[in-house]
Every structure is written in structure tokens, then in C-alpha cells.
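Here are my notes on the structure you sent. They are set out as numbered points, grouped by region.

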Amino acid sequence: MRKEDVCALTQHKQMYDVVCFGEAMIRFTPLNFQRLEQATSLEVTVGGSELNAAVGLSRLGLRTAWVSRLVDNQLGRMIASRAMTHGVDVSHVVWTKEGRVGLYFIEMGASPRASQVLYDRSHSAIAGLVAEEIDWPALLKGTRVFHTSGITPALSRPCAEATEAALSAAKDNHCLATFDLNYRARLWTKDEARQTLSQLFRYVDILLTTSDDLETVFGLSGSEEMMAQEIKEQFGFKVVVITIRQAPTVLRGSWTSLALADRTYRGRITELELVDRIGSGDAYSAGFIYGYLTGDVAKAVAYGDAMSVLKHSIPGDFSWVTLAEVEHQTAAVVTKIQR
């Protein structure tokens, strides 16, 4: 094979539909609604906002890569292995002997006791990431979408700088940038978040968020549509998406969403039994991005809603669903046994 053909083949292999960037952690869950203090065994899974989205996108059939920094030990390799199981390319992960893999624990609750998350992620490997460790212009060349969230820049100053470098490269490469605001009060203050995110948002095309986060970080108020309009005008986003969830009890709730683009697109309201809420917003991001790339904003809202409501029924962070199931969900809510 000629050198030119080898180069062309290599470039083709490096082209992705979506590249996601962020931290993943090992998740520990006591069984049968137990408290951590009483548990004698823990279920071990993997999760993290951007990896959750990458897994969902890959399961829908898109070519997806996840970028992070992992410790080269059994825990780091567990995370990479779980990602690869779902077809996510982890070849751009930065491996290191330093730092640690972040952990988190979740007690699953039932009314009146809410579910609780305990993080053990300080000084994780990704917090020491240096922007120069990743060649973003080369990685994002030919990529259709770059996706990250507000969790990543909250991890450390270097992570914020790497996030900006990635978003800038996405803009230079005409790569659509999607961003889940995902405010975490345990990682940074609302003032720190507002200052950093305001800097990053100049590169972002599509913002995914909640009314609670818009109120907390940017002080917005009013209806979801009013808040979407205000933040859209402030930063010039192409689309602003707000997910809307109600939870009158710990184990029951409802889900819908809206997207503001050329007009407002509203999703269907779905009543839910909440097996596991964690990762439901990331599942929405995956469904929305898939629908946007394969259709339009209306399809994006419908697929985002479908992906998320299905995720609520599945334990763990990942959305273990198929494209056929998502398409079926957009057509009708099915509760009878499928034989």
C-alpha cells in the first residue's frame, strides 16, 4: 500500500461523529436500598457525564471517542474496558502513573429518604491534565460534534484551560460544540462557575441545561422558555435546551424538555418510575445529539426525551438501550410485557 493511501486510511479512522471529553469514576452502590453504613457488599459500575453520553451515542450507532486522563492501573483499565465494551474509542485517553481514579458512592433512597451521592474524587488523574497533552486540532479535524460539560472545567484550572483549548479547536474546525451546564456545587462556587462558563460559552453552539442551574449560576428566573431566550440572547447560542423533571416522590416523577432555536420545540411529558436517575441527563444529551445530526431540532427533542425516560428505568450510569427501542419510545409509551 502506498504511503498516501496509508495516510488517507489513518485520517479516515480518526474521524468521529462525536468526541466527548471529561472524567469517569468507579461507582459503588449498596444493594437493596441499603445505607453505606450497613452494606456488606457493593455493586461496582463505571460512570461519568461525558462517558455516559459517549456510550449512549455509540449504542445509537454513531462513531464516538471519549477523551480523558486515567491512571494506568486496574481501576483505570476497568473504566477504559467498560467504555470499549460499548464501542467507544478510548485511544486518545492520556495514561499516567500519577494521581488516582475518582470514586463515588450512591445510596439509593425511597420516600421520604432521598438518594444520596458521596464523592471521593479529589486529586483524580484528570485534574492534572495539561492542555498540551491532547492535540485537539488534529483530533477534531473532520469530527462533527464535540461534547463536554460544566463538570470538566470545575475539576481544576488546568482542566478549564484544556476545555477552552478543545472548544476553541472545535470552532476552528467547524465542529459543532455541545455543552451540558451540569453545575456541581461540591466542585466550585456559583461565582466561579459563572465566570469560567461565561468565557467558555463564546465557543458553544448548543447549550443543554436545567432551569435550576440557570437560576443558580446565572441568576435567571421566569418560565423555562423565558430563561432559554435570555441565555440564548446573552451568549448567542444556536440552540438552548432545558430539561424539565418533576419528582413528587423519590421513586416517581415525570420528564419533558424544550429546545429554543428558530422557535420553541416542546417534548412529550412522560410519567416515570425512577429506578435510577443518574445519567438520565447524559442520556438526553446523547439522544438529542443523535436526533440533531440525523434530522432536526424536533427530532433531537423527541430522541433526547425517549433516551432519557428509558434510562430512568435502568440501574447504573449508562443507557443500555438500542436505537430501535428509542425509536419505538418516540412513537408510543409501552408498559405491557414485550414477548
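1. **Arg69.** In this predicted model, Arg69 is buried, with a relative accessible area of 10%. Arg69 sits in strand S5, which covers residues 69–71. What does its side chain reach? One partner is the backbone oxygen of Ala125, at 2.7 Å. The side chain of Glu133 is another, through a polar contact of 3.5 Å. Beyond the neighbours within four places in sequence, Arg69 touches Val94, Thr96, Glu98, Ala125, Ile126, Gly128, Leu129 and Glu133. Ala125 and Glu133 therefore appear both as polar partners and in that contact list.2. **Arg113.** Arg113 is partly exposed, with a relative accessible area of 25%. Its place is the loop between strand S7 (103–107) and strand S8 (116–120). The side chain of Arg113 comes to 3.0 Å from the backbone oxygen of Phe33. Leaving aside neighbours within four places in sequence, Arg113 is in contact with Phe33, Arg35, Glu107, Met108 and Val250. Asp296 is another matter: Arg113 and Asp296 are 40 Å apart, C-alpha to C-alpha. In sequence, 183 residues separate the two.

3. **The cis peptide.** Which two residues does a cis peptide bond join? They are Ser111 and Pro112, with omega at about 10°. Pro112 is in the loop between S7 and S8. Arg113 is found in that loop too. Most peptide bonds are trans.

4. **The four-stranded sheet.** The strand order is S3-S2-S7-S8. The sheet is open, and its pairing is mixed. Strand S3 (42–47) and S8 are the edge strands, each pairing on one side only. From one strand to the next, the twist averages 25°. S7 and S8 run antiparallel and pair over five bridges. One bridge partner to look at is Leu118 in S8, which pairs with Phe105. Helix H3 (residues 74–85) packs on the sheet. H3 touches strand S2 (25–30), S3 and S7. The direction of H3 makes about 65° with that of S3.

5. **Helix H2.** Is H2 enclosed or open to the outside? Ten of the eleven residues of H2 (residues 49–59) are buried, so the helix is largely enclosed by the rest of the structure. The buried set is Ser49, Glu50, Leu51, Asn52, Ala53, Ala54, Val55, Gly56, Leu57 and Ser58. Polar side chains are part of that set, among them Glu50 and Asn52. Just after H2 comes Gly61, with a positive phi of about 105°.

6. **Helix H6.** H6 spans residues 157–172 and has 16 residues. From its first C-alpha to its last, H6 reaches 23 Å, close to the 22 Å expected at 1.5 Å a residue. At the N-terminal end, Ser156 acts as the cap. A side-chain oxygen of Ser156 lies 3.1 Å from the backbone nitrogen of Cys159. Cys159 is also one of the buried residues of H6. The others are Ala160, Ala162, Thr163, Glu164, Ala166, Leu167, Ala169 and Ala170. What do these buried residues pack against? The strands are S1 (18–21), S9 (145–149) and S10 (176–180). The helices are H4 (136–140), H5 (151–154) and H7 (190–200).

7. **Positive phi at His174 and Asn182.** Most residues other than glycine have a negative phi. His174 has a positive phi of about 55° although it is not a glycine. His174 follows H6 and lies in the loop between H6 and S10. Asn182 also has a positive phi, about 45°, and is not a glycine. Asn182 is in the loop between S10 and H7. Is each residue buried or exposed? His174 is exposed, with a relative accessible area of 75%. Asn182 is buried, at 10%.

8. **Cysteines.** How many disulfides does the structure hold? The answer is zero. Why is there no bond between Cys20 and Cys175? The closest cysteine sulfur to that of Cys20 is in Cys175, 10 Å away, which is too far for a bond. Seen from Cys175, the closest cysteine sulfur is in Cys20, again at 10 Å. Cys20 is buried, with a relative accessible area of 0%. Cys175 is buried as well, at 3%.

Notes
Residues are numbered from 1 along each chain as its sequence is written. This is a predicted model: local features need pLDDT of at least 70, side-chain atom pairs count only at pLDDT 80 or more; totals for chains, interfaces and linings use all residues. Side-chain values use heavy atoms; hydrogens and water are left out. Helices (H or I, at least four residues) and strands (E, at least two) are DSSP runs, numbered from the N terminus. Buried means under 20% relative accessible area, exposed over 50%, partly exposed in between (1.4 Å probe, protein chains only). Contact means heavy atoms within 4.5 Å. A polar contact is a pair of N or O atoms within 3.5 Å; within protein, one must be able to donate a hydrogen and the other to accept it, and residues adjacent in sequence count only if both atoms are side-chain atoms. A disulfide is a pair of cysteine sulfur atoms within 2.5 Å. The expected span of a helix is 1.5 Å times one less than its number of residues. Two strands pair if DSSP finds at least two bridges between them. Axes are lines fitted to C-alpha atoms, for helices over the stretch in contact, and angles run from 0 to 180 degrees between N-to-C directions.
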